[in-house]
Amino acid sequence: MTIRHDGLRATWLGYAGLRLEASEGTVVYIDPGRYGTLTGEWRPDSSDVGHPPARDYRPEDGDLILVTHDHHYDSDAIRRVAGDDATVVVYEAVYPPKIDRDVEELRDLPYETVRLGDAEDELFGEAIVRSVAGYNRPDGPRTDAGGEPYHPEGFGVGYHVTLPGKGGEDVSVFYPGDSDALDGHAELDVSLFCPPIGGAFTMDRHDAAALAEEMDPDLVLPVHYNTFEAIESDSGAFAGDVAKRGVPVVLDE
């Protein structure tokens with residue numbers, strides 16, 4: 001399923017993957033891949049929650065691929081979604097040699113690659129990309145057995161992406177990445193808000209609904225849930241909660 005909003009087409013690909021297509025044709029992917037979301041493969045120890053359909057997703061139509069942090073760097077997925085002239089943008093801390101999966105070095109990908117730091121704005125064709133703080137607070141619930149955040153500050157970011165919409169008007173999309181709801185998120189000017197709602201490693205559905213109310217976007221489309229048991233979430237309850245707060249919401253599932 002694909003949702004349409006102000007001339008923008010948005011598709012949740014499963015797990016963290018999001019595809020955006022602007023009214024003039026620019027295609028942006030954010031954190032595509034992993035856990036069989038593009039290949040139909042699945043871990044034998046996973047639950048049936050959010051089991052992806054059997055498919056071989058390889059459109060190779062992306063103009064811009066954005067990667068928030070190491071956990072979502074998937075070089076095979078990038079090759080599946082990137083067009084010949086694509087630009088791959090990764091947060092500056094992404095370091096493939098230390099990723100405990102079989103991934104290619106950035107320099108081995110046949111695309112232009114760009115690294116962004118914290119709170120940077122860059123123009124890529126028709127897309128304006130801003131990196132936004134994205135992390136788990138050390139005093140919050142998303143910490144490991146040793147008390148360390150799963151996503152410490154400086155490990156990753158979210159992205160605020162502005163694309164051409166209907167009638168030439170800009171449409172802004174906020175994708176927080178694997179993050180808690182942080183101070184400053186609500187201050188962003190956002191048309192389409194795509195929060196993670198899985199809760200184990202990111203904000204949960206309650207945090208995301210409260211942030212949506214404070215942010216007051218034109219539409220909310222949740223991602224990063226139900227791909228495997230640890231991030232199972234009641235999306236229907238989330239949608240009802242957001243709607244009760246007076247914010248339009250849609251589910252792509």
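**Aromatic pairs, core and second largest pocket**

W12 and Y225 are both buried (under 20% relative accessible area with a 1.4 Å probe, protein chains only; over 50% is exposed, and in between is partly exposed). The model is predicted, so local features need pLDDT of at least 70 and side-chain atom pairs pLDDT 80 or more, while totals for chains, interfaces and linings use all residues. Residues are numbered from 1 along each chain as its sequence is written, and side-chain values use heavy atoms, without hydrogens and water.

The structure holds 6 aromatic pairs. Rings of Phe, Tyr and Trp (its six-membered ring) pair if their centres lie within 6.5 Å; planes under 30 degrees apart are stacked, over 60 edge-to-face, and the rest tilted. The ring centres of W12 and Y225 lie 4.6 Å apart, with planes at 20°, so this pair is stacked. W12 belongs to strand β2 (residues 8-14), and Y225 to the loop between β13 (219-220) and α3 (235-244), so the pair ties together parts 213 residues apart in sequence. Helices (H or I, at least four residues) and strands (E, at least two) are DSSP runs, numbered from the N terminus.

Y35 and F228 form a tilted pair, at 4.7 Å centre to centre and 50° between the planes. Y35 sits in the loop between β4 (27-30) and β5 (62-67), F228 in the loop between β13 and α3, 193 residues apart. F228 has 7% relative accessibility and counts as buried. Ring pairs link Y15, Y35 and F228 into a cluster.

Y15, Y35 and F228 also recur at the second largest pocket, where they lie nearest the centre together with H71 and F201. The lining comprises 13 residues: 6 nonpolar, 4 polar and 3 charged. Pocket volume is about 200 Å³. A pocket is an open set of points on a 1 Å grid over the protein atoms alone, where a 1.4 Å probe fits, with protein on both sides within 12 Å along at least five of seven lines; lining residues have an atom within 4 Å of a point.

The largest nonpolar core (buried Ala, Val, Leu, Ile, Met, Phe, Trp, Tyr and Cys joined through side-chain atoms within 4.5 Å) has 70 residues. L20, I30, I65, L66, Y73, I78 and Y159 touch the most other members. Strand β6 (residues 82-91) gives the largest share, 6 residues. Beyond four places in sequence, the contacts of Y73 (heavy atoms within 4.5 Å) include V67, I78, V94 and L109.

D76 is found in helix α1 (residues 75-81). D76 is partly exposed, at 36% relative accessible area. Beyond four places in sequence, D76 touches T39 and R58.

Definitions and conventions
Points joined across faces, edges and corners; volume = space filled by probe spheres on them. Nonpolar A, V, L, I, M, F, W, Y, C, P; charged D, E, K, R; others polar.
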